[in-house]
Amino acid sequence: MRRDHERDQCRSARVQPGTGRIPSGLYDAVLLDRDGTLVEDVPYNGDPEKVRPVPGAREALDRLRAAGLRLAVVTNQSGLARGYFTADDLRRVNARVEELLGPFDSWQICPHGEPDGCACRKPAPGLLHAAARALGTRAERCVLVGDIGADMAAAAAAGAAGIMVPTAATRAQEVAAAPAVAADLPDAVATILDRIRLVAPPDTAPRRGVVLVVRSDAAGDVLVTGPGIRAVAAGARRVVLLCGPRGRAAADLLPGVDEVIEWPLPWIDAPAPPVDPAGMRVLVDRLAAVGADQAVIFTSFHQSALPLALLLRMAGVPRISAISDDYPGALLDVRHRVPAGVPEPERALSLAAAAGFALPAGDEPGLRLRTDRLPPVPPEAGAPGYVVLHPGSSVETRACPPELATRIVRVLAAAGHRVVVTGGPDERELTARVAAAGGIDLGGRTGLAELAAVIARAAALVVGNTGPAHLAAALGIPVVSLFAPTVPFGQWGPYRVPTVRLGDAGAACRDTRATRCPVPGHPCLTAVEPGRVLEALRLLGVPAGVPEPLGGVPVTGGVGR
């Protein structure tokens, strides 16, 4: 049997014959900030003679054009509102930019000042939505390159990807909060093209047969693997998913899965059960009974696929694909590698592509659920349009501190939002305490499917870095993400859904993967003011209803998505 484990580098892009273009399932367009990103930042510039492109800009943009990506400029120009230059001055400056850097498919300009409260000035997402419409696409199929936090916030609020290219004027906190950071504009372009190449459809025809896919971890981990599993399902006769107990409920909601095998793996689950040789032999027999023609082992960036690959070899699976930085010997037929920082859904898609599978035409690379399997919503939740607050998490560091959650409910309720508080059976005391501030308590009454049903009718979800955030992403519900930086936001944040990130991205716990807060008091989240959650909801376009009169009955808020 041929071993292809030496194919361990990122695959080169396949181009469309006669065009030189890379087919992309990720992006249709690249949106670019102007000042500080495309050209040197000259404050309130109305003079075309002062336009100076950043180094390598023309060559980088031409690479994007050659790849078939449409380009747009999205820029705040409050100098118009301030009277520092005229509309004609602005047109001449922009014409000079195009003279030096080539044509753009759309220009989207906010002429307002910050006090105007418009919907287009970044960090509001209005410019991005306008650019996407002008380019015939949607914001989630765009990536924005910019140099400050407002650019990244606008991208997130629109559901677009964001890449920051810092300058000397960019604040350290803005860099820390960015989902991805590039050294300069050419580096940002290289990152975009690399991410497209990583998930590009394979050269070969789809591989039919029975495929065993593996994702053994918590519910959120299973959910973010969904796009990769759907890609496998598009080219397989039958898909069997091996998962752990903590991911079983999510596995049952994934499209493309025909059968689920639940089995704890002692090198994945935490706390880890002891290794039982007899149990491992039973697992090998169970895997052999699947009759798989091949297996695709999906893992997180910190996990090893090799222990299971050995068991799959013992079970007689003839072809095994996985991501592995460690040398796999004869354990893998397709050894794939992925650069650090790639979002987990794209990481999974890239492995599926390396194994010979791709999403079918019309299937977006975002997260999805089997909504036909969602149960009815508890009647206490009321009409659609509420805000869901999920304060808990199975990982202590990623939960919203109870005192903060209580204050958030109080502020949102006072502003007229109906707030539904959710949590698992072991969180009833927490949800009762939080909901007492003015929310509706559904604590302990929702399994994962019931929680998904509740979130599906929400205007937005307020949550830490935990599984419900990925449920919201799969359902297209905006997220206010109280994101503890123990893991990278660019990898684990809500994927391709409008999001506002709150919390100290540069806290001492950053990138520690700690499960217990290493800093007393959970400062990365406790410093969040509840009023910022209210502002985040406004940025996401979620209106409140009429504040409840003292002693009255809660008034239904607007739906507003």
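Author: A salt bridge here is a side-chain nitrogen of Lys or Arg within 4 Å of a carboxyl oxygen of Asp or Glu. This is a predicted model, where local features need pLDDT of at least 70 and side-chain atom pairs count only at pLDDT 80 or more, while totals for chains, interfaces and linings use all residues. Residues are numbered from 1 along each chain as its sequence is written, and side-chain values use heavy atoms, with hydrogens and water left out.

Reader: How many salt bridges does the structure hold?

Author: In general, side chains of opposite charge can pair when their charged atoms come close. The total of salt bridges here is 33.

Reader: Which helix holds both Asp194 and Arg197?

Author: Their side chains meet in a salt bridge, 3.0 Å from N to O. Asp194 is partly exposed, meaning between the cut-offs for buried (under 20% relative accessible area) and exposed (over 50%), with a 1.4 Å probe and protein chains only; its own figure is 42%. Helices are DSSP runs of H or I with at least four residues, strands are runs of E with at least two, and both are numbered from the N terminus. Asp194 and Arg197 sit three residues apart, which means about one helical turn, in residues 185–198, helix α7.

Reader: Is Asp363 buried or exposed?

Author: Asp363 pairs with Arg368 in a salt bridge, with the closest N and O atoms 3.2 Å apart. Arg368 is partly exposed at 38%. Asp363 has a relative accessibility of 15%, so it counts as buried.

Reader: What is the relative accessible area of Asp372?

Author: Asp372 meets Arg370 in a salt bridge at 2.6 Å, N to O. Arg370 is partly exposed at 26%. Asp372 is exposed, at 55%.

Reader: In what order do the five strands of the open sheet come?

Author: Two strands pair if DSSP finds at least two bridges between them. The pairing in this sheet is parallel, and β3 (106–110) and β5 (161–164) are the edge strands, each pairing on one side only. The order is β3-β2-β1-β4-β5.

Reader: Which strands does α7 touch when it packs on the sheet?

Author: Contact means heavy atoms within 4.5 Å. Angles run from 0 to 180 degrees between N-to-C directions, using axes fitted to C-alpha atoms, for helices over the stretch in contact. The direction of α7 makes about 165 degrees with that of β4. The strands that α7 touches are β1, β4 and β5.
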